[in-house]
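Please find below my note on the two-chain model you sent round. I have kept to the points that I would want a colleague to check against the coordinates.

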Protein chains: 2
Amino acid sequence: MNPSNVRSRLTRDFPPNRRYLIGVSGGRDSIALLHWLINLDYKKLIVCHLNHQLRARSSDADARFVEKLAKKYQVDFELGAANVRVLANKKKMSIETAAREARYSFFAKAAKRRRCHTTFLAHHADDLVETFLLNLIRGTGTTGLAAMPDVSTRRVDNVDLTIVRPFLSVWRTEIDDYVDEHRLKFREDASNKNLGPMRNRARNRIIPYLEKIIGRNVRQNIWRTAIIAADEENWIVNAVPDSTNPDLLVSKLRALPVALQRRAILKWLRAQNISEVGFEVIERVRSLVDREASIAKVNLPQDRHVRRRAGKIFVE
Amino acid sequence: MNPSNVRSRLTRDFPPNRRYLIGVSGGRDSIALLHWLINLDYKKLIVCHLNHQLRARSSDADARFVEKLAKKYQVDFELGAANVRVLANKKKMSIETAAREARYSFFAKAAKRRRCHTTFLAHHADDLVETFLLNLIRGTGTTGLAAMPDVSTRRVDNVDLTIVRPFLSVWRTEIDDYVDEHRLKFREDASNKNLGPMRNRARNRIIPYLEKIIGRNVRQNIWRTAIIAADEENWIVNAVPDSTNPDLLVSKLRALPVALQRRAILKWLRAQNISEVGFEVIERVRSLVDREASIAKVNLPQDRHVRRRAGKIFVE
């Protein structure tokens with residue numbers, strides 16, 4: 001692990017003498033990232049742990065484990081708690097999605113309180129590949145195929161977070177070797193407790209199967225594709241007109257190429273706080289643009305609707 | 001099969017009273033397409049069959065079978081022959097790729113002789129999904145993820161071919177039903193004889209496995225993703241500066257966003273008759289742009305090279 005170009009880019013763009021948040025579940029990956037950063041002389045880290053309350057006692061034990069570790073490394077510690085199961089039910093989300101949303105909310109709070117808006121996360125190359133495959137299988141279109149970026153910004157609860165993933169080009173086996181080499185202790189379940197059944201299947205069955213059948217470096221190829229898709233995504237998103245307006249003008253939308261119509265609709269829906277819409281919904285909204293469209297209403301999750309009236313498309 | 005919107009779009013854009021080529025291997029898919037078009041009153045079809053000479057006698061039997069069928073339907077027939085194995089060895093290509101190139105050359109010849117530049121091909125939705133997965137696994141980047149288009153143009157041997165694939169949104173099972181319903185005869189091996197081992201694995205093992213594990217409509221989702229990717233591809237390709245110049249200016253390339261650098265290199269390499277380059281080669285050529293690049297030469301297949309000298313990148 002620890003290829004010198006990963007290290008030198010990181011220390012150049014995010015100097016070790018500044019303050020950063022770091023998300024630490026207590027699992028293998030985040031424990032390795034924390035250790036690696038400490039070794040690179042990142043001394044002002046703030047270890048952030050969210051108790052997801054999914055496994056009662058062992059969730060509490062995870063939190064205590066991470067707190068102790070922060071003490072050992074002499075860095076600050078932020079603890080949060082969220083009842084992810086309740087949140088998932090309330091918002092009709094999967095546990096995995098609800099857990100992610102809860103973590104980002106928690107990071108946003110910590111960022112505000114600590115006046116420190118940059119967060120390190122331990123996602124690695126295998127995470128990226130799994131996410132790619134899951135999004136492909138779920139049919140999220142090319143937006144979902146773009147790799148999670150190594151550096152990105154994300155607005156959560158009115159806080160602009162900068163998310164940095166130093167391990168995005170590092171493979172799980174390299175992290176394993178690092179953990180073994182440094183004899184790091186970690187909580188066995190901590191990093192897997194929020195995995196959905198689909199992600200588990202991608203990790204433990206689909207990718208190993210593809211490697212067995214194809215006999216090439218499938219992971220590496222998917223990783224590259226995702227990285228390219230991310231660069232293109234970046235470029236396309238910048239080309240999509242902004243959409244702070246609550247209405248979408250049908251005539252403007254119609255004038256865009258198909259690829260941009262889809263992006264514009266997605267961007268607009270997100271701005272209206274409609275997230276997690278799939279290809280189906282976007283295509284139905286897009287069909288409202290059709291001059292001969294007989295349908296003027298598209299159903300959204302949570303009893304909301306997109307309607308077309310008087311040359312405008314809006315959510316109600 | 002035979003959804004009315006597929007039919008009405010086709011007959012609108014390609015009126016049945018004109019002349020068209022149609023590629024017919026004698027296999028299930030092309031037999032169904034031929035029958036379907038004849039039923040839609042496409043009377044001036046020219047059935048084109050290339051004998052790939054891969055299976056000796058049975059290849060000849062395929063050719064005779066297709067010739068008879070053309071007679072039965074009272075449409076014209078064009079027969080070609082190519083020694084695909086020799087071609088593959090000579091050009092260091094896979095059998096699948098060599099067979100495809102041979103077919104396009106044959107279509108170009110037929111198009112010239114018959115003064116008819118539009119060719120119908122029987123690729124269907126499953127072909128599209130398999131191609132997507134293979135390209136993903138092979139790591140061709142997002143360029144390879146774009147679905148083959150339902151209508152496209154292709155310049156082959158100085159002939160501009162228009163390729164039309166009416167069945168691209170039709171599934172193999174629908175074609176099977178159609179063939180059964182109309183009791184069509186076909187040559188069992190004809191359509192599969194040029195399948196590479198990789199494509200066979202994608203068709204017969206990987207996709208069924210994904211469907212079993214995920215338990216959703218994996219095919220449908222991949223199909224959609226590929227269609228979206230194609231629309232975006234279309235749009236991106238149009239944004240890439242043209243490259244008829246044999247040299248690529250380093251300063252110009254450097255000024256482009258990363259996504260477009262890759263496309264510009266790919267487009268330029270293709271214009272220099274360097275095809276089938278993977279992500280690796282493109283990234284190495286792209287590294288020549290780096291100010292601090294110590295390498296000034298990148299190896300290409302068939303003993304050719306890309307070099308950087310005096311602010312220019314060229315092939316030699």
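The numbered points below deal with symmetry, the contact between the chains, the nonpolar cores and one set of side-chain contacts.

1. Status of the model. This is a predicted model, and the remarks that follow should be read with that in mind.

2. Symmetry. Chain A can be laid on chain B by a turn of 180° with a shift of 0.0 Å along the axis, and the RMSD of that superposition is 0.1 Å. This is the relation of a two-fold axis. The interface agrees on which surface is used: 100% of the interface residues of chain A are also interface residues in chain B, so the copies meet through the same surface.

3. Extent and character of the contact. Each side is represented by 38 residues, from chain A and from chain B respectively, and the two chains bury about 4000 Å² between them, with 71% of that area on carbon and sulfur atoms. As for polar interactions, the count of salt bridges between chain A and chain B is zero, while four residue pairs, with both members at pLDDT 80 or more, are in polar contact across the two chains.

4. Elements at the interface. On the side of chain A that touches chain B, at least two residues are supplied by each of α6, α7 (141–145), α9, α10, α12 (258–271) and α13 (279–287). The largest share of that side comes from α10(A), which contributes twelve residues.

5. The largest nonpolar core. This core has 54 residues, and those with the most contacts inside it are A:Leu133, A:Leu136, A:Ile206, B:Phe132, B:Leu133, B:Leu136 and B:Ile206. The elements giving two or more residues to it are, in chain A and likewise in chain B, α6 (125–138), α9 (197–214) and α10 (218–239).

6. A:Leu133 and the second core. What does A:Leu133 contact, once its neighbours within four places in sequence are left aside? Its partners are A:Ile206, A:Ile207, A:Leu210 and A:Ile222 in chain A, together with B:Leu136 from chain B. A second, separate core of 52 residues also includes residues of both chains, among them A:Ala264, A:Ile274, B:Leu266 and B:Leu269.

7. Side-chain contacts of B:Glu283. This residue is found in helix α13 of chain B, which covers residues 279–287. The side chain of B:Glu283 is joined to that of B:Arg262 by a polar contact of 2.7 Å, and a further polar contact, of 3.1 Å, joins the side chains of B:Glu283 and B:Arg286.

Terms used. Residues are numbered from 1 along each chain as its sequence is written. Chains are lettered from A and ligands numbered from 1 in the order in which they are written. This is a predicted model: local features need pLDDT of at least 70, side-chain atom pairs count only at pLDDT 80 or more; totals for chains, interfaces and linings use all residues. Side-chain values use heavy atoms; hydrogens and water are left out. Copies are superposed by least squares on the C-alpha atoms of residues with pLDDT of at least 70 in both. Contact means heavy atoms within 4.5 Å. A nonpolar core is a set of buried Ala, Val, Leu, Ile, Met, Phe, Trp, Tyr and Cys residues joined through side-chain atoms within 4.5 Å. Buried means under 20% relative accessible area, exposed over 50%, partly exposed in between (1.4 Å probe, protein chains only). Helices (H or I, at least four residues) and strands (E, at least two) are DSSP runs, numbered from the N terminus. Buried area is the accessible area (1.4 Å probe) that two parts lose on being put together, summed over both. A salt bridge is a side-chain nitrogen of Lys or Arg within 4 Å of a carboxyl oxygen of Asp or Glu. A polar contact is a pair of N or O atoms within 3.5 Å; within protein, one must be able to donate a hydrogen and the other to accept it, and residues adjacent in sequence count only if both atoms are side-chain atoms.
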